[in-house]
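Keep the sequence and the 3D view open side by side. The paragraphs below walk through the fold one feature at a time.

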Amino acid sequence: QVQVVESGGGLVQAGGSLRLSCVASGNISMFNAMGWYRQTPGTQRRLVATVLSDGTIIYENDVKGRCTVSRDNDKNTLDLQMNSLKPDDTAVYYCKAYYMRDYIVLSDYWGQGIQVTVSS
């Protein structure tokens with residue numbers, strides 16, 4: 001199995017920055033990609049940024065230019081640097097480790113989620 005643990009959330013004022021960190025452990029052969037997602041009450045979980053198995057990085061349009069995701073394959077970590085935060089960025093952020101082949105997700109493992117609150 002794979003365990004995924006997030007850290008680094010909290011409360012920040014609008015315009016500020018936060019860095020979220022994620023580490024995956026366990027059977028590391030069971031995933032080859034990682035990503036950050038977020039969810040607000042009553043909505044579906046949405047992609048923030050992900051690093052695919054071939055190293056391609058995809059960002060949600062709303063965070064492009066404000067966020068940078070970085071993966072350390074040796075340490076199985078995925079960091080998300082978020083700048084110029086807005087109240088609309090308030091959400092629970094989840095890290096996902098997943099296995100993909102031919103751009104199809106075959107299995108995934110989620111962390112418990114971490115709250116990010118941006119005050120106006």
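**The disulfide and the spare cysteine**

C22 and C95 are joined by a disulfide, with an S to S distance of 2.0 Å. The model is a predicted one. A search of the whole structure finds one disulfide. C22 belongs to strand 3 (residues 18-26) and C95 to strand 9 (residues 91-101), so the bond ties together parts that are 73 residues apart in sequence. Look along the S-S bond next. Its torsion is about -80 degrees, so the disulfide of C22 and C95 is left-handed. Both ends are hidden from solvent: C22 is buried, and so is C95.

Now find C67. Why does C67 not bond to C95, which holds the closest cysteine sulfur? The two sulfurs are 14 Å apart, which is too far for a bond; the cut-off for a disulfide is 2.5 Å. C67 is also buried, with a relative accessible area of 6%.

**The nonpolar core**

Turn to the interior. The largest nonpolar core has 28 residues. The residues with the most contacts inside this core are V4, L20, M34, W36, L80, M82 and Y93. Many strands feed it. Those giving two or more residues are strand 1 (2-7), strand 3, strand 4, strand 5 (46-51), strand 7 (67-72), strand 8, strand 9 and strand 11 (114-119).

M34 is a good residue to center on. Leave aside its neighbours within four places in sequence. M34 is then in contact with both disulfide cysteines, C22 and C95. Its other contacts are A24, T50, V51, R71, N76, T77, L78, K96, A97 and Y98.

**Aromatic pairs and charges over rings**

Next, pick out the aromatic rings. How many aromatic pairs are there? The count comes to two. In one of them, the rings of Y37 and W110 have their centres 5.1 Å apart. Their planes meet at 65 degrees, so this pair is edge-to-face. Y37 sits in strand 4 (residues 33-39) and W110 in strand 10 (residues 104-110), so the pair links parts of the chain 73 residues apart.

Is Y37 buried or exposed? Y37 is buried, at 12% relative accessible area. W110 is partly exposed, at 31%. W110 also pairs with Y94, and that pair is edge-to-face too, with 6.3 Å centre to centre and 85 degrees between the planes. Y94 lies in strand 9 and W110 in strand 10, so the pair ties together parts that are 16 residues apart in sequence. Y94 is buried, with a relative accessible area of 13%. Ring pairs thus link Y37, Y94 and W110 into a cluster.

Y94 has a charged partner as well. The charged end of R45 sits over the Y94 ring, 3.5 Å from the ring centre. Another charge lies over a ring at Y98. There, K96 lies over the face of Y98, at 4.6 Å from the ring centre. K96 and Y98 have already appeared, among the contacts of M34.

**A buried aspartate in a loop**

Move to D89. Where is D89 placed? D89 is in the loop between strand 8 (77-82) and strand 9. Is D89 buried or exposed? D89 counts as buried, at 1% relative accessibility. Its side chain makes a polar contact with the side chain of R66, at 2.8 Å.

Beyond its neighbours within four places in sequence, D89 is in contact with R38, D62, R66, S84, V116 and V118. V63 gives a further reference point. It lies 26 residues from D89 along the chain, and the C-alpha atoms of the two are separated by 8.9 Å.

**Two residues with positive phi**

S84 was one of the contacts of D89. Check its backbone. S84 has a positive phi of about 50 degrees although it is not a glycine. S84 lies in the loop between strand 8 and strand 9. S84 is partly exposed, with a relative accessible area of 42%.

D102 is another such case. Its phi is positive, about 55 degrees, and D102 is not a glycine. D102 is placed in the loop between strand 9 and strand 10. D102 is exposed, with a relative accessible area of 65%.

Terms used. Residues numbered from 1 in each chain as written. Predicted model: local features only at pLDDT ≥ 70, side-chain atom pairs only at ≥ 80, totals over all residues. Heavy atoms only, no water. Helix = DSSP H or I, 4+ residues; strand = E, 2+ residues; numbered from the N terminus. Buried < 20%, exposed > 50% of the residue type's maximum accessible area, 1.4 Å probe, protein only. Contact = heavy atoms within 4.5 Å. Polar contact = N/O pair within 3.5 Å; in protein donor to acceptor, adjacent residues only side chain to side chain. Phe/Tyr/Trp six-rings, centres within 6.5 Å; stacked < 30°, edge-to-face > 60°. Lys NZ or Arg CZ within 6 Å of the ring centre and 35° of its normal. Core = buried A, V, L, I, M, F, W, Y, C linked by side-chain atoms within 4.5 Å.
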